[in-house]
Amino acid sequence: MNMKNIIKILSFLLLINSFNVFSQNVASDDAQMFKDYFSKRFPNIEIEEYVDGSYIFDEDAKEQWLEIEDFPPYEFDIERGQELFETPFTNGKSYASCFENNGIGIKQKYPKWNEAQKAVITLEYAINQCRESNNEIPLAYGKGDIAQISAYMAFTSRGNIIDIQVSTKESIEAYLQGKKYYFSKRGQLNMACANCHVATSNLRLRNEIPGPMLGQVTHWPVYRSKWENTGTIQRRFKGCNTQVRAKALEYQSETYRNLEYFLTYISNGLPINGPSTRK
Amino acid sequence: MKLYTLLLLLFCAFANAQDEKNAINTTIEQGYQLVKNRTMGNCLACHMIQDEKAPGSFGPPLVAMKARFPDRSILFNQVWDATTMNPSTSMPPFGKNMILSKDEIEKIVSYLLTL
Amino acid sequence: MIIKKTVVVLLLTFLLSNCDSSQSDEKIDLNSDPNKVSDNVADSKKILDNAKNALKNVDAEFQWRDTHLILENADKAMNAGDFKLSIDLSNKVIQQTVLMTEQKQFANEYWQDLIPKSN
C-alpha cells in the first residue's frame, strides 16, 4: 500500500463523508415538505398554480386581475427597464458583461450564494454590484430604475423554472437564518410571516387574502396599486414588517437577503412569472 | 312637605340610575369605537362582527359572546394576551404588548359581551 | 317645629348632594413641592439615557416600529421641563425593550413551532 493509494483512499472517504453532510441538508427536505403541506391542504389546486398567489383562492379577484393583465401597468417598466439595461456605462461596458447569458433569462437562479463574498446575492444586489464594479453609482433599492431593470430581467426569464442552489455549509446556514426569520414572531403585533402566509394564507385580513408562501416570490417585481408604481420584493418585506409594527430593516441587509434566499428556494420547481400586478 | 320630600327622593334615585345607565352605555359605545378603530383594536381585520363591513376571517366570528365567555375575565385575558391559550396564535397581545390599556380592554370586553 | 324643619333641610341637602354621580374633581396635591419637580431633571436625564441605551441594545430584527417615537417624545418633554411626563415615557420605552428582548428569546426557542407539519 503506497502513499499514492493511501491518499486516493483517504480522498475518496472524505468525498463520501461530504456527501453525507449534504444529504442531511435541511433545505432539500423543506423544498418538498412545503409543497406537500399545501397540496394536502388544497388538493384541488395544482402546485404550478401557486405562482398566482392569493388569486388562487378568489375567483372574482382573479378575473379582475386577469383583465388588468391584458393591458398591464408594468409594461412601461419593462420597456424602461430594457432601455436602462441596454444603455452602456460611462466606461463602455454594460450589464450584460456582469451576468451569464448576457443577463437574459437568468432571474430564476437568484438569489445565489457567493462563496467568495460569503454572502447571498439577490438580483438587485447583483445589479448594483455590477454598477459599482464599473464605476457607476449604485441605484436606490425598492423602486424606480432598479425595479424597472429587475422587471425587464424577470420578463426575459418568464417560464424559466426556479432553481436556487443551497449546498455548501455556509449557504445552508444562510438559508436556515432566512427560515428562522420567517417563522419568528416579531413586532408589537407579535406576528411571524408564517402567521399570515401559511395556515391562514387562504383566509381574509379585512378584504385581502395574504396568499401562501409557496410561489410567493415568482411574480416579482410587482406593480402594486397601493404604491402606484413597481416595487421589489424587499420593498414588500419592509411593508410587512411595518404592518406588524416591527421596525423595517435596511434594503439588502443580510437578514433580508437570507429571507429572500429561503423564500425563493422553497419555490424551486415553479416558473418565473414576473413582473405582475397586485392591489 | 312630606310629599315634596318623597318626590325629591324619587327624583334623585331616578337621576342616579339614569346616570349609571348612561355610563354603561358610554362604556359600551367607547368599547365599540375601540374595536372598530384601525389603530386601536382593529378587530374587524380578523373577526366578523354583526353587520360590519369587510371583516376578516383569520379568527372566529364574534357572536354569542356571553354564552362563550360566561367568565368575563377569560375574555379579558384573551384580548390581553392570546398567546397564553395558544402560543402560535396570530392574535396580537393587545394588553401585554402595550397596544391597548387595561381600561381600553375592559371597555372592549364590555362591548363584546353585548354581541 | 324649628328642629323638625332643620332636620328636613339637612336631609334634603344630603339627598340632593347624592344626586351628583359625575366624576369627582381631580384632587389638588396640597403636598406638591416645587423644589421636588426641578430635582427630577437629574432623574429624568438618567432614565432617558437608560431608555436610549436599552433601545439601542435591542436586536434590529426585534425592534418595534413606534418605540423610537415614544423616546423622542420623552426627550421633548424633558426639554420642555415636564419631567414627570419624560420619566413616564422613558419608562414606557424601557418596558417595551424588555418585551422585545423576551420576544427574541421566545423566537429563539420556539420558532420551529410555526413550521407546518405535512401530516
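## Helix definition and the nonpolar patch

Helices here are DSSP runs of H or I with at least four residues, numbered from the N terminus. In this predicted model, B:Leu6 is found in helix α1 of chain B. That helix covers residues 2–36.

B:Leu6 belongs to a nonpolar patch on the surface. Its partners in the patch are B:Leu3, B:Leu7, B:Leu9 and B:Leu10. Together the five leucines have about 500 Å² of accessible area. B:Leu6 itself has a relative accessible area of 47%, so B:Leu6 is partly exposed.

## The negative patch on chain A

Chain A carries a surface patch of negative charge. A:Glu59, A:Asp60, A:Glu63, A:Glu67 and A:Asp70 gather there.

A:Glu67 sits in helix α3 of chain A, which spans residues 59–70. The relative accessible area of A:Glu67 is 55%, and A:Glu67 is therefore exposed.

## The disulfide

How many disulfides are there over all chains? The count is one. The bond joins A:Cys98 to A:Cys130, with the sulfur atoms 2.0 Å apart. The cut-off for a disulfide is a pair of cysteine sulfur atoms within 2.5 Å. The torsion about the S-S bond is about 75°, so this disulfide is right-handed.

The two cysteines come from separate elements of chain A. A:Cys98 lies in the loop between α4 (75–86) and β1 (112–114), and A:Cys130 lies in helix α5 (residues 123–133), so the pair ties together parts that are 32 residues apart in sequence. Their exposure can be stated for each. A:Cys98 is partly exposed at 34% relative accessible area, whereas A:Cys130 is buried at 2%.

## Two cysteines without a bond

Why do A:Cys193 and A:Cys240 not form a disulfide? The closest cysteine sulfur to that of A:Cys193 is in A:Cys240, 7.1 Å away, which is too far for a bond. The view from the other side agrees: for A:Cys240 the closest cysteine sulfur is in A:Cys193, also at 7.1 Å. The cut-off is 2.5 Å.

Both residues have some accessible area. A:Cys193 is partly exposed, with a relative accessibility of 23%. A:Cys240 is partly exposed too, at 29%.

## Cis peptide bonds

Most peptide bonds are trans. Chain A has cis bonds before two prolines, A:Pro111 and A:Pro221.

The bond from A:Tyr110 to A:Pro111 is cis, with omega near 5°. A:Pro111 is in the loop between α4 and β1 of chain A. A:Cys98 of the disulfide lies in the loop between α4 and β1 as well.

The bond from A:Trp220 to A:Pro221 is cis, with omega near -5°. A:Pro221 lies in the loop between α8 (194–197) and β3 (222–224) of chain A.

## Positive phi values

Most residues other than glycine have a negative phi. Here A:Gln252 has a positive phi, near 60°. B:Ala64 has a positive phi as well, near 50°.

Where does A:Gln252 lie in chain A? The residue is in the loop between α9 (233–243) and α10 (254–265). Its relative accessible area is 6%, so A:Gln252 counts as buried.

B:Ala64 is placed in the loop between α1 and α2 (65–68) of chain B. The relative accessible area of B:Ala64 is 43%, and B:Ala64 is therefore partly exposed.

Key. Residues numbered from 1 in each chain as written. Chains lettered and ligands numbered in written order. Predicted model: local features only at pLDDT ≥ 70, side-chain atom pairs only at ≥ 80, totals over all residues. Heavy atoms only, no water. Patch = residues over 30% accessible without salt bridge, like charges linked within 9 Å, V, L, I, M, F, W, Y side chains within 5 Å. Areas by Shrake-Rupley, 256 points an atom, 1.4 Å probe, with all protein chains shown as cover. Salt bridge = Lys/Arg side-chain N within 4 Å of Asp/Glu carboxyl O. Lys, Arg positive; Asp, Glu negative; His and termini not counted. Charge placed at Lys NZ, Arg CZ, Asp CG, Glu CD. Buried < 20%, exposed > 50% of the residue type's maximum accessible area, 1.4 Å probe, protein only.
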